[in-house]
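Biologist: I would like to go through this model before I plan anything around it. Please take my questions one at a time.

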Amino acid sequence: MNMKINIIMTRLCTFFLSGLILSCAQPQKEEAAGETVKNDYYVAAYVWPSCHDEPMSRDALWSEGIGEWEVIKKGNPRFEGHYQPRQPLWGYEMDNDPEVVEKWIEVAIEHGVNVFVYDWYWYDEGPYLESALNDGFLKARNNGKMNFYVMWANHDVKKNYWNYHRYNDDTSLLWNACIDWGNYKIIVERLIRQYFSKPNYLKIDGCPVFSIFSVDKLLESFGGSVEESGKALDYFRDEVKKAGFPGLHIQWNQGGGYFLSKERAERFCEMVKTMNFNSVAMYNMGGFDEDYIIHGTNSIKIREQWDSILDIPLFPCVSVGWDDTPRFPGKGIHDVVHYNNTPESFAMLLLKAKEYADSHPEQPKLITINAWNEWVEGSYLLPDMRNGFGYLEAVKDVIVNGKYDRYIKK
């Protein structure tokens, strides 16, 4: 009898210790109370918050009161078989409507997308397009199911970039993304107060994740100096610590990735080190080609190169596609991803990203997707009239159901 008890106790201790070791080894997700994370990955889809009305947009860009839907609806075919204008399955819904975002959250979580990355803007000494996050996501009754974080989209905007129908050939600047120290301090305080304090704001090792789209524009804001820009980031870190967090996870977002020459690679790595970035991500997977499969193959090679030179985590990105012709009257067939651009091909690239994440156990399993709702750039997971829920089902197959896991290298 005593021998049986000893065997049972030994097995219980082994089971307990195995679970403890496993829990310590895995990155800890920031979960809302009572919510269950359905997978071991952070699958983060970028949210482009342009499809709603607000005074700054109405005055400067989209006068019809429906945000950038005004431009998206005017998309026109440039070649045979060109899918324009894009037709949302659920219609032209406002992204700052909490009931709309509640639906987004439910369908996202169900299909394995558990993080929204909101593009965030600051122009003319004030925030821009914040309503999608403040009034849409944060007022959605179920937002606790979904993690989120902010990407500071600090890029310039030319007048005809977001609405050439209004500005024609006028390429002068509508907004310059440069900021001074005064505005920078306001931005830091605002981000910490409005977002970092939320329980579902994504944190890595307890540190809020903050992504910067244009490091070049950050440098320009601080006199072109890497050292001064580094001081600005250190200021941000200090303010975050004062707010009670262990630190700030600052992510360099490269936009679209590309192959680096030896000189550019050395410069890139030196800047990452000097400014003490914590990770690198991409908004678009890079390696553009008209053929989606070549596009994806190029992106994997770019990822391999960057991974080989960086000493910090590089998070993989998978793009749904690329077609920004609604913004540019001169673009045509050679500027659009139009061969092999299917949910099935997307699933295979997502599988490769998952394989990459699994091969880097030392870093969080974060995969970014371009995008949740980039209708104007032809890159979105939301259902439309051509593919239905195809792209969301692809995410579910790869991430939630592990449909192809037996084929992943271990």
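The questions below start with the whole chain and then turn to a helix pair and single residues.

Biologist: What is the radius of gyration of the protein, and how does it stand against the globule rule?

Modeller: This is a predicted model, with 13 helices and 12 strands in the protein. For 410 residues the globule rule gives 22 Å, and the protein comes close to that, so it is as compact as a globular protein of that length. The radius of gyration is 22 Å.

Biologist: What share of the residues is buried?

Modeller: Buried here means under 20% relative accessible area. The accessible surface of the protein comes to about 18100 Å², and 53% of it belongs to carbon and sulfur atoms. Of the 410 residues, the buried share is 56%.

Biologist: Among contacts between residues at least 6 apart in sequence, what percentage joins residues at least 24 apart?

Modeller: The C-alpha trace spans about 85 × 50 × 50 Å along the principal axes. Contacts in the protein count as heavy atoms within 4.5 Å. Of those between residues at least 6 apart, the part joining residues at least 24 apart is 76%.

Biologist: Are helix 11 and helix 12 roughly parallel or roughly antiparallel?

Modeller: Two packed helices are described by the angle between their axes and the distance between the axes. Helix 11 covers residues 292-309 and helix 12 residues 343-358; their axes come within 10 Å and cross at roughly 10 degrees. Angles under 35 degrees count as roughly parallel. Helix 11 and helix 12 are therefore roughly parallel.

Biologist: Which residues of helix 12 meet helix 11?

Modeller: Helix 11 contributes Tyr 292, Ile 293, Gly 296, Ile 300, Arg 303 and Asp 307. By class, this contact has seven nonpolar, two polar and three charged residues. On the helix 12 side the residues are Ser 345, Phe 346, Leu 349, Lys 352, Ala 353 and Tyr 356.

Biologist: Which residue does a cis peptide bond join to Asn 370?

Modeller: A cis peptide bond also joins Gln 84 and Pro 85, with omega about -10 degrees, and Pro 85 is found in the loop between helix 3 and helix 4. At Asn 370 the omega is about 5 degrees. The partner lies in the loop between strand 12 and helix 13, and is Ala 371.

Biologist: What is the relative accessible area of Asn 340?

Modeller: Asn 340 has a positive phi near 55 degrees, in a residue other than glycine. Its place is in the loop between strand 11 and helix 12. Asn 340 is partly exposed, and its relative accessible area is 38%.

Biologist: Where is Asn 168, which has a positive phi although it is not a glycine?

Modeller: Phi of Asn 168 is about 55 degrees. The residue comes after helix 6 (164-167) and before strand 6 (173-175), in the loop between helix 6 and strand 6.

Biologist: Which residues does Phe 389 touch, not counting those up to four places away in sequence?

Modeller: Phe 389 lies in the loop between strand 12 and helix 13 and is partly exposed, at 30% relative accessible area. Its C-alpha atom is separated by 9.8 Å from that of His 111, 278 residues apart along the chain. The residues touched are Leu 89, Trp 90, Val 107 and Pro 383.

Biologist: How far apart in space are Lys 145 and Val 115?

Modeller: Lys 145 is found in the loop between helix 5 and strand 4, and is partly exposed, with a relative accessible area of 33%. Lys 145 and Val 115 are 30 residues apart in sequence. From C-alpha to C-alpha they are apart by 9.3 Å.

Technical notes:
Residues are numbered from 1 along each chain as its sequence is written. This is a predicted model: local features need pLDDT of at least 70, side-chain atom pairs count only at pLDDT 80 or more; totals for chains, interfaces and linings use all residues. Side-chain values use heavy atoms; hydrogens and water are left out. Axes are lines fitted to C-alpha atoms, for helices over the stretch in contact, and angles run from 0 to 180 degrees between N-to-C directions. Helices (H or I, at least four residues) and strands (E, at least two) are DSSP runs, numbered from the N terminus. Angles under 35 degrees count as roughly parallel, over 145 as roughly antiparallel, 65 to 115 as roughly perpendicular and the rest as oblique. Ala, Val, Leu, Ile, Met, Phe, Trp, Tyr, Cys and Pro count as nonpolar, Asp, Glu, Lys and Arg as charged, and the others, Gly among them, as polar. The radius of gyration is taken over C-alpha atoms; the globule rule is 2.2 Å times the number of residues to the power 0.38. Buried means under 20% relative accessible area, exposed over 50%, partly exposed in between (1.4 Å probe, protein chains only). Accessible areas come from the Shrake-Rupley method with a 1.4 Å probe; for residues, only the protein chains shown count as cover.
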